[in-house]
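Biologist: I'm new to this one, so could you walk me through how a few residues get their labels?

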Amino acid sequence: MSALARRRRAPGLLAYQDGEVAGWVAIAPRPELVRIDASKATPPVDDVGVWVIPCVTVRRRSRGRGVAQALIRAAVAYAAKQGAPAVEAYPRAGDVRVHDDFAFIGTEALFRKAGFRKVRGPLRGLPHGWTPRVTMRVACTSRTSPRSRARSAGA
């Protein structure tokens, strides 16, 4: 954690509600996330220098209030300010509800609501028991929309 804290860029963002941490989203250039970059479950789609959101988590008592959406939008805005051309996520395929312990990678619906679109469906031939994932992406812009800024400010 000390090494992460010394980086030029933040490894993620925190959301606060009523002075307490309500959630966390990790965000970084894909090559910095070695496990994602090397994983057979999340191979690159193309040569775009994407940033990646590998996880998003919200405290139980803060769920259902739009915190995850605000965190994802804020992460995209942060990546855009750092020069990222696009942000990807690799959420669970489909919109099946799962136990909270397995929800940290997100769902298609969560990322779709945040403006991401599916660029690749679940990969075939992965080992039995691996979580089927989709690849979702959103292009970054140098300026976020007023709606995105308002939602991000609420986190």
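Modeller: Sure, and bear in mind that the model is predicted. Let's begin with Val21, which has a relative accessible area of 34%.

Biologist: Why is Val21 called partly exposed?

Modeller: Buried means under 20% and exposed means over 50%. Val21 has 34%, so Val21 is partly exposed. You'll find Val21 in strand β2, residues 20-26.

Biologist: Which residues form a nonpolar patch on the surface?

Modeller: Leu14, Tyr16 and Val21 do, with about 270 Å² of accessible area together.

Biologist: Now Arg30. What makes Arg30 count as buried?

Modeller: The relative accessibility of Arg30 is 5%, and the cut-off for buried is under 20%, so Arg30 counts as buried. Arg30 lies in the loop between β3 (28-29) and α2 (34-38).

Biologist: How do you know that the side chain of Arg30 makes a polar contact with the side chain of Asp37?

Modeller: The distance is 2.9 Å, and a polar contact needs N or O atoms within 3.5 Å, so this pair fits that limit. The Arg30 side chain also reaches the backbone oxygen of Thr42, at 2.5 Å. Setting aside neighbours within four places in sequence, Arg30 is in contact with residues including Trp51, Glu88 and Tyr90.

Biologist: And why does Ile72 count as buried?

Modeller: Ile72 comes out at 0% relative accessibility, and buried means under 20%, so Ile72 counts as buried. Ile72 sits in helix α3, residues 67-81. Beyond neighbours within four places in sequence, Ile72 is in contact with Ile53, Leu110, Phe111, Ala114 and Phe116.

Methods. Residues numbered from 1 in each chain as written. Predicted model: local features only at pLDDT ≥ 70, side-chain atom pairs only at ≥ 80, totals over all residues. Heavy atoms only, no water. Patch = residues over 30% accessible without salt bridge, like charges linked within 9 Å, V, L, I, M, F, W, Y side chains within 5 Å. Areas by Shrake-Rupley, 256 points an atom, 1.4 Å probe, with all protein chains shown as cover. Salt bridge = Lys/Arg side-chain N within 4 Å of Asp/Glu carboxyl O. Helix = DSSP H or I, 4+ residues; strand = E, 2+ residues; numbered from the N terminus. Buried < 20%, exposed > 50% of the residue type's maximum accessible area, 1.4 Å probe, protein only. Polar contact = N/O pair within 3.5 Å; in protein donor to acceptor, adjacent residues only side chain to side chain. Contact = heavy atoms within 4.5 Å.
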